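Q: I'd like a close look at one part of this model, please: somewhere helices pack together. Once that's clear, take me on to some buried spots elsewhere.

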Amino acid sequence: MDSLPQAIETLITKNYLSQTCLLIAVHTNRARAIRPYLDTILEIKEFPFYNTISVLRKVFSHDIICVRRFINYFGKNEDLQGIHKTPLLVAAVCTDWFQNPSDQSFHDVAVFKSYMKYLFLKHEATPGPLKATMSSCGQLALRGLFSSCFEFSSEDLTEAGVDEDEDLTTCLMSKFTAQRLRPVYRFLSPLFQEFLAAMRLTELLGSEREEDQDLGFEYLRQVNSPLKALSVYNNFLKYVSSHPSSKAGPKIVSHLLQLVSDKESLENMSENEDYGKIHPETSQRMHLIRGLWQLSPEAFSLFISENLLNIALKFAYESNAVSVCSPFILQFLRGRTLALNVLNLQYFGDHPESLLLLKSIEVSISGNNSVQRIDFSSMEKCFEKVQPPTIDEDYTSAFQSINECEKNLAEKEDIIKNYVDIKHQAPPNISAGYWKLSPKQYKIPRLEVGVTNMGPADQALLRVLMEVFSASQDIELHLMHSSGFLESIRPALELNKTSVTKCSLCRLRLSAEEQQLLLALPALRSLEVSGTNQLPDQLFPNLDKFPSLRELSVRLDGSPDVLSVIPGDLPNLHHMEKLSIQTSTESDLSKLVKLIQNSPNLHVFHLKCDFFSNCESLMTVLASCKKLREIEFSGRCFETRPFVTILPNFVSLKILNLKRQQIPDKETSEKFAQALGSLRNLEELLLPTGDGIQQVAKLIVQQCLQLPCLRVLAFVETLDDDSVMEIAKGATSGGFQKLENLDISMNHKITEEGYRSFFQALDNLPNLQNLDVSRHLPECIQAQATTVKALSQCVSRLPSLTRLGILSWLLDEEDVKVVNAVKERHPQSKCLIIHWSHTGPKRGSQPLQAPWQHQEPCRWGSSKWPERALARCRPALQVRRALSPSSATRDLTWPVPRRNSTESSCSETAPPLPIAMASYHGRRLGSHSDDFRRERLLGAEEHGGPETARDVQHALGKWFFPPPTPTV
C-alpha cells in the first residue's frame, strides 16, 4: 500500500459521529501513511515481568509473604524471569498456587509443569489432540535445540508435523508477523523450548518403536562432552530429569557417566556461540569450566564427575530405575576420587557398599589468612643484572612493567580478600545420604583433607571433622599456611590416630604441642614439611617413632642442616619408598647413605645439597636401588662422573631431572648420552647443561629417539642450529610419538635462521601439547615475516598443541595478525594459549613497555563484568599474554591494550581463572612442591641463594601463580 486510499482517509478525517477512529493494523510495516493521523499508538508486546508481579500482588493480596518470596527468588535468578512473560503461564502459576497453597514452587520446572497441567485440565475431555500437538512441537523444539535454532518458519513447522493454524499450537508457540514479510514462530521462551525438547527426547528413548529409539540416541549423542553437558545443555538435562521414564532412564544415565571416562569427550570442548546469545549466563559458565580445565585437569575431572553423577542419580531416582542403573553407577565409581558433598546423595545412603569402590574422597577447607605469593623486591634485585635490549617502538607492547604487575596483583588480591571476607565460612555439609546411616558399616577408603589459609578450627568444624574422620579408613592431611589448625583439631586426631597415614605441612610453624601430636600418630606413612625456615626440633629427631613411614620430604627455607637433627641410627625406617631432602652446605651425608641402605624399595629420590663431600658413597648406595623410578638432583655441586657410571643400572627409571646440573667435559657427556639409551622406560627427561652437553647434543637427541615412552623433554641452553634440527628430523622420521612437552627455551646459540628451519621441518608430533622456544630478555629476537610464517605453519601441524611459549620473540601488529589467524583455525583454538609478554624492571622514569592509552574500562554494571572480574583475580597476569582469535574473545579479558589508537589483537591475559571453581580444590591448583619450585625459580634467597637473572626471567614466563582460593 504505497498511498492511503481515499475512502480510508475520508473515514479517518471526517468521522463526525464519534470524533474517534480505531485502526487495527495487521501488517504494521505497511502502515506508514496512517501514522500521521494517529494520536495514540498501542502495540502488542511481550508480557513484562513487572506485570506478573502486579497480577500476583492483586490475586494473592491475602498472602503477600509468598509474593515477596517470589520476587526475591527471581531477583536472584534473573535469567528465569523470561518464563513469566506469557499471561497463560502466569494464569497457570496462579492456579497452582490456589490448588497447592502449602507447596508453592517458583523454579522453572515447577512453572512449566503447572502450565502443562493447566492445559491438560482445560482439555480434559479431548486430551488426544493436545498430546499430538505437544509431541510434534516437542520434535520441532528438539531439532531446533541441537541446531541452535530458536526461530522457525512455516516450512519448519510443516516438516515437524506442527499445524500452524491449530489453536493448541498457540498455547505452545507465538507467531510474529510485525515488520516481517513472512511470519516467524517462537516458543513461549527459550527455556520452554528446552522443556518441550526434553519431554520429546524422553518420549523417543522410551518408545517401543526402534526408529524412535534410534532418533533419540542420535540427539543424545550430540551431548558429547562434559563441557556441553554442564553448560550448553545443562538446563536441557535438568528438564530431561524432570520427565521420569523407566525405559529412557538407564540409557541417559549410561551416556552421561560415560562422558567422564571417555578421553575423546574430554577433549571435545567446542563452544556453541549461538546458544550463548540466547543464554548469556551459559557463556560465562563455559568460560569458567574451560578455564578450570586449562588450569587444573584434575580439579576439572573432579568437578564434572560430581555434577554428572548428580544429574544421573537424580534421573535414575525420578525414573524409579536405580536398580537397573546401578551397574553403570558402580562402574563409574570404581577407582574414582570425588568430593565430600557427593556423599549427601541418596544413593550412598541406600548403597553404602559402593564407597568401597572409590579411590578417595576429598574435602577442601579454606580460610582468609591469605598472603602475597610473589616477592617483588627479590625480583627487582635479580633484574638489576639484566641489561635491557634496545627495542623498536613497534615492539614495546611485548613488555610490562614489574611495578604495573605488582599493582595489578595487589588489586586482584584485594578483590579476592573482600570476597572471602564477606563469604560465610560454613563447615562442610554432612546432613544427608550416607551421613544418616548409623552405624556406618562401610567406611571411606581414603579421606584427603586440604586446608588452606586457615587459623584454628571452630567447634562446628571440629564436630564435622570428628564425624568424617571416624567414617574413614585412611586420612591424609594437607595443610598450607594454616598455623594453629593442627592443635585445634587434636580431639579428632587423637580419636582416629591409627587412621592418619599422611601429613603434608607447607608454610606453617609447628608448636611443640603440635610436634608431639604428630609423633603420636603411629600409622603415619608419609611426612612432608616445606616452605618454612623452622627446623622442628622435636619432630625430626624422633622419626624412628613412625615405624610405618614410607615417604619423607623435607624442603625448608634458608639453610638449616636437616640431616644434623635426624638420628644416626634409624632401625625402624627400613621401608622408605620416597626421599626428598633439601639440606645445607655443611651436611654429613653418612646418615642419608645409611637410610638409603636400609631402603631396598626406594622409588623416588630428590636431593638438593650444595658442596657436599663423600659423593661416591652416595652414588654407590643409589646403584643398589634397582626400583628407583624418579631421580632429581639440585644444587651447585654435582659430581657427574660417579652418577653417569651408575646411570645404566636404573632400568626402571621414569623421571630423570638434572636440569640444574652441568656436565662440562665432552667425555663424561658422551658416556651420559650413551647411558640414556638404556633407560627404555624413561617418560620425563630434563637434561643438564654445560659445554660437554652442547658438544654431544646431537648424540643425545639420537639416543632420546630410542626412548618409546618419552613424554617430557627439556633441552635448554645447549642447542644450536644443527642439534635443534636433529629434533625436527627425528620427529618427522617417526620418533617422539608420545612426546607431550618439548622445552627448548633459552637456547641462545640458535639463530633466527635455525629456528626458521626448525619450524619448517617439525612435524608428526600428534600428542605434543606444550612447545617452549622462549629466550632470555637480552637475547630477544625481532622476528622476520618468514620466521613468523614458518612458526605459524608449524603450529598448524601440531593438532594437540595447547601452549606455545615465545617469550622474547618480538612481534609487530602484522605478526600478531598472522599468529591469531592460525590460532583461530587450529583444532585447539578454544584452549590454545600463546605466551609472549615479558614482565620487566623499570628503567629510569620509563618502564620497558608501551604507554597504556585508551584502555577499555571494566564496567561492573555491564553484562560482561563476571569474566573481567575473574580475569582480575589471577595474579601475575602480565607474565603471560594470550593471543586471542577474535575481538569477541578479546572483549572478555582485562584490560585490552591499544597501540597508536589501533586496537591490538592480543588480549592481556590468558583465559581467566574460575574463582568459583578454583576453590573447589585449592590444594590441587597449587601443590606444595609446585610452590617450592616456583619460589626457587624466582630466586628467593631463603631457598639457597639468589638464582641467576636468566632463571628469574625464564620463571616469569613459565609458572603460574594461583591466587589464594576463596571458599564457595
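A: First, a bit of vocabulary: a helix axis here is a line fitted to C-alpha atoms over the stretch in contact, and the angle between two axes, taken between N-to-C directions, runs from 0 to 180 degrees. Keep in mind that this is a predicted model.

Let's start with helix 34 (residues 785–796) and helix 35 (residues 813–825), whose axes are 9 Å apart and meet at an angle of about 10°. Angles under 35 degrees count as roughly parallel, so helix 34 is roughly parallel to helix 35. The crossing of this pair is right-handed. On the helix 34 side, the contact is made by Val 788, Ser 792, Val 795 and Ser 796; helix 35 brings Asp 815, Val 818, Val 819 and Val 822. Sorted by type, the residues of this contact come to five nonpolar, two polar and one charged.

Now for another pair. Helix 16 (residues 297–318) and helix 17 (residues 322–333) have axes that come within 10 Å and cross at roughly 170°. An angle over 145 degrees counts as roughly antiparallel, so that's the label for helix 16 relative to helix 17. The crossing is left-handed this time. Helix 16 makes the contact with Ser 305, Leu 309, Leu 313, Ala 316 and Tyr 317, while helix 17 uses Val 322, Cys 325, Ile 329, Phe 332 and Leu 333. By type, that contact has nine nonpolar residues, one polar and no charged.

Hang on to Ser 305, one of the helix 16 residues in that contact, as we move to Arg 336. Arg 336 sits in the loop between helix 17 and strand 3 (337–339), and the side chain of Arg 336 makes a polar contact with the side chain of Ser 305 at 3.5 Å. Buried means under 20% relative accessible area, so Arg 336, at 14%, counts as buried. Leaving out residues up to four places away in sequence, Arg 336 touches Val 260, Ser 261, Ser 305, Leu 357, Leu 358, Lys 359 and Ser 360. Take Leu 358 from that list: Arg 336 and Leu 358 are 22 residues apart along the chain, yet their C-alpha atoms are separated by 5.1 Å.

Glu 528 is another buried spot to click on. Glu 528 is in strand 9 (residues 526–530) and has a relative accessible area of 17%, so Glu 528 counts as buried too. The side chain of Glu 528 makes a polar contact with the side chain of Ser 504 at 3.2 Å. Setting aside neighbours within four places in sequence, Glu 528 is in contact with Lys 502, Cys 503, Ser 504, Leu 505, Ser 553 and Lys 578.

Strand 8 (500–506) also turns up around helix 24 (residues 512–519): the buried residues of helix 24 pack against strand 8, as well as helix 22 (485–488) and helix 23 (490–495). Those buried residues are Glu 514, Gln 515, Leu 517, Leu 518 and Leu 519.

Zooming back out, the protein has 41 helices and 27 strands. Of the 968 residues in the protein, 55% are buried. And among contacts with a separation of 6 or more, 78% are between residues 24 or more positions apart.

Note on methods. Residues are numbered from 1 along each chain as its sequence is written. This is a predicted model: local features need pLDDT of at least 70, side-chain atom pairs count only at pLDDT 80 or more; totals for chains, interfaces and linings use all residues. Side-chain values use heavy atoms; hydrogens and water are left out. Helices (H or I, at least four residues) and strands (E, at least two) are DSSP runs, numbered from the N terminus. Angles under 35 degrees count as roughly parallel, over 145 as roughly antiparallel, 65 to 115 as roughly perpendicular and the rest as oblique. A crossing is left-handed if the near helix is turned anticlockwise from the far one by less than a right angle, and right-handed if clockwise. Contact means heavy atoms within 4.5 Å. Ala, Val, Leu, Ile, Met, Phe, Trp, Tyr, Cys and Pro count as nonpolar, Asp, Glu, Lys and Arg as charged, and the others, Gly among them, as polar. Buried means under 20% relative accessible area, exposed over 50%, partly exposed in between (1.4 Å probe, protein chains only). A polar contact is a pair of N or O atoms within 3.5 Å; within protein, one must be able to donate a hydrogen and the other to accept it, and residues adjacent in sequence count only if both atoms are side-chain atoms.
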